[in-house]
Amino acid sequence: MATEEVQKHSVHTLIFRSLKRTHDLFVSNQGNLPEIDERLEKLRRSIKAKDGYGLVLDKAVKIGEARKASGAQTPGDKPLAITDGSAVDAASAAGSLVKYNAGARPAEKAAPLVAGTHTSLVRASLANSNGDKSANGTIASHLQLIPKKAPSIPKPKWHAPWKLSRVISGHLGWVRCIAVEPGNEWFATGAGDRVIKIWDLASGKLKLSLTGHVSTVRGVAVSTKHPYLFSCGEDRQVKCWDLEYNKVIRHYHGHLSAVYSLALHPTIDVLATSGRDSTARIWDMRTKANVHTLTGHTNTVASVVAQATNPQIITGSHDSTVRLWDLAAGKSVCTLTNHKKSVRSIVLHPSLYMFASASPDNIKQWRCPEGKFVQNISGHTSIVNCMAANSEGVLVSGGDNGTMFFWDWRTGYNFQRFQAPVQPGSMDSEAGIFAMCFDQSGSRLITAEADKTIKVYKEDDEASEESHPINWRPDLLKRRKF
């Protein structure tokens, strides 16, 4: 029996033929979508509406029925148009665009705008001041177009330059924190030598040394209502010192690692501390109870500040976020994720309802209570360890490499910058600024530095706008980067 020889094809050819056959089979309708089932679509929409708007769905149905019963027009019936405010009939419902004429009275009709004559036009609504009624009895509202202003930087306020007035040495380690007492007579510093020292503000002389911490003191704060000084350190301890007896009267136990920052609430007797255990803790000053543990940050919380109005607690962390906290609930209200690097310092403005946060990428300003971004202050390229602001609108930032930048708060203009000099005998690498604060008057700036000194700066009395003019160039627009 003769057998027919089957022609052998390569696998490639067979697959290609199979694909071609399949393609020919479906080519007529391959781009078409399946037909929509009206019943299923209606069901899907009703399920979605009930799921998303179930609580208010009945109200919308009632409003729709009431509109139909009264015969009123639904919002989408009539096309909206920018008109010149004159009476409109059905034929001229679209109206015409008009150019804003500053000299003309509202009653006068401005000339129609020819398309393409002006590029930057924005809509503006001007109420008819004399309340003229149009032909059909409705009050005409003048919708007019006004030229849009080009964005510009406001001129910064002039600030006198600052100069070094005193260098105080006495600590045997890096000076890590400063606090000025409410009476403006003395200030306290804490350092790597585990000692808290009290200095006379006017003369710079040492008044007192407080020993008790067993590791670096990282934060100090003086109470405005009690004769108490609070301190925290890398030994995980938070202490309350009675300044009448110069002794520790309370310990606040709870932090699992080094405590880096502390802040006193201005109106309530509570204390906020934050540290390397990625938490901030709220303590009852009197009972030593840990009222809240504010968790949420994923790295060291380097800075905590407290204010009387919401948000009452603000924290900045090495996880590059800033968090705003509800003190009553002990929960995070808002997380600001704009920074790209560690946030080591947060400062509240003494009079404006604003705060600033510092990171190596930028110093950012925010508006309370919702944490609305205001502007970037760029230029301080090193790690920014600390900031201070006074009521005159001067913001100062101190870097890890010893640089100090002075900014105008409102405009972000950098009016002065310099490298802090190290004390004789120190290496240049010891030029680092760890903490800074203004005294109560805002006329003295005290900095804590890595060369184991405390430096006091004051404004230059002899400087004037003529001798130190503002190098202000409004033609260079500042980019608003987020």
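The following exercises, each with a worked solution, concern a predicted model.

Residues are numbered from 1 along each chain as its sequence is written, and side-chain values use heavy atoms, with hydrogens and water left out. Because the model is predicted, local features need pLDDT of at least 70 and side-chain atom pairs count only at pLDDT 80 or more, while totals for chains, interfaces and linings use all residues.

**Exercise 1. Helix 2**

Task: Compare the end-to-end span of helix 2 with its expected span, and state what caps its N-terminal end.

Solution. Helices are DSSP runs of H or I with at least four residues, strands are runs of E with at least two, and both are numbered from the N terminus. The expected span of a helix is 1.5 Å times one less than its number of residues. For helix 2, residues 38-53, the 16 residues should therefore span 22 Å, and the end C-alpha atoms are 22 Å apart, which agrees. To judge cover, note that buried means under 20% relative accessible area, exposed over 50%, and partly exposed in between, with a 1.4 Å probe and protein chains only. Helix 2 is hardly covered, since the count of buried residues among its 16 residues is 0. At its N-terminal end, D37 acts as a cap, with a side-chain oxygen 3.0 Å from the backbone nitrogen of R39.

**Exercise 2. Two hairpins**

Task: Describe how strand 12 pairs with strand 13 and how strand 14 pairs with strand 15.

Solution. Two strands pair if DSSP finds at least two bridges between them. Strand 12 (residues 259-264) is largely enclosed by the rest of the structure, because 6 of its 6 residues are buried. Strand 12 is joined to strand 13 (residues 270-275) in the antiparallel sense over 5 bridges, with A263 opposite A272, and the two strands form a hairpin with 5 residues between them. Turning to strand 14 (residues 279-284) and strand 15 (residues 290-295), these run antiparallel and are joined by 5 bridges, with A280 of this pairing opposite L294 in strand 15. The hairpin of strand 14 and strand 15 has 5 residues between the strands, and there K288 takes a positive phi near 70°.

**Exercise 3. The surroundings of H292**

Task: Decide whether H292 is buried or exposed, and find what its side chain reaches.

Solution. H292 is located in strand 15, and its relative accessible area of 18% is why H292 counts as buried. Contact means heavy atoms within 4.5 Å; leaving aside neighbours within four places in sequence, H292 is in contact with residues including A280, I282, L327 and A328. A polar contact is a pair of N or O atoms within 3.5 Å, where within protein one must be able to donate a hydrogen and the other to accept it, and residues adjacent in sequence count only if both atoms are side-chain atoms. The side chain of H292 reaches the backbone oxygen of A328 at 3.4 Å.

**Exercise 4. Aromatic rings**

Task: Characterise the aromatic pair of F418 and Y457, and name the cluster that holds both residues.

Solution. Rings of Phe, Tyr and Trp (its six-membered ring) pair if their centres lie within 6.5 Å, with planes under 30 degrees apart counted as stacked, over 60 as edge-to-face and the rest as tilted. A search of the whole structure finds 12 aromatic pairs. The pair of F418 and Y457 is tilted, at 5.6 Å centre to centre and 35° between the planes. F418 lies in strand 27 (residues 414-419) and Y457 in strand 30 (residues 453-459), so the pair ties together parts that are 39 residues apart in sequence. F418 counts as partly exposed at 22% relative accessibility, whereas Y457 is buried at 1%. The cluster is formed by W162, F406, F415, F418, F438 and Y457.

**Exercise 5. The loop residue N401**

Task: Place N401 in the chain and identify the side chain that it joins by a polar contact.

Solution. N401 lies in the loop between strand 25 (394-399) and strand 26 (403-408), and at 37% relative accessibility N401 counts as partly exposed. Not counting residues up to four places away in sequence, N401 touches S382, Q419 and A431. The C-alpha atoms of N401 and A431 are separated by 5.6 Å, although these residues are 30 residues apart along the chain. The side chain in question is that of S382, joined to the side chain of N401 by a polar contact of 3.3 Å.
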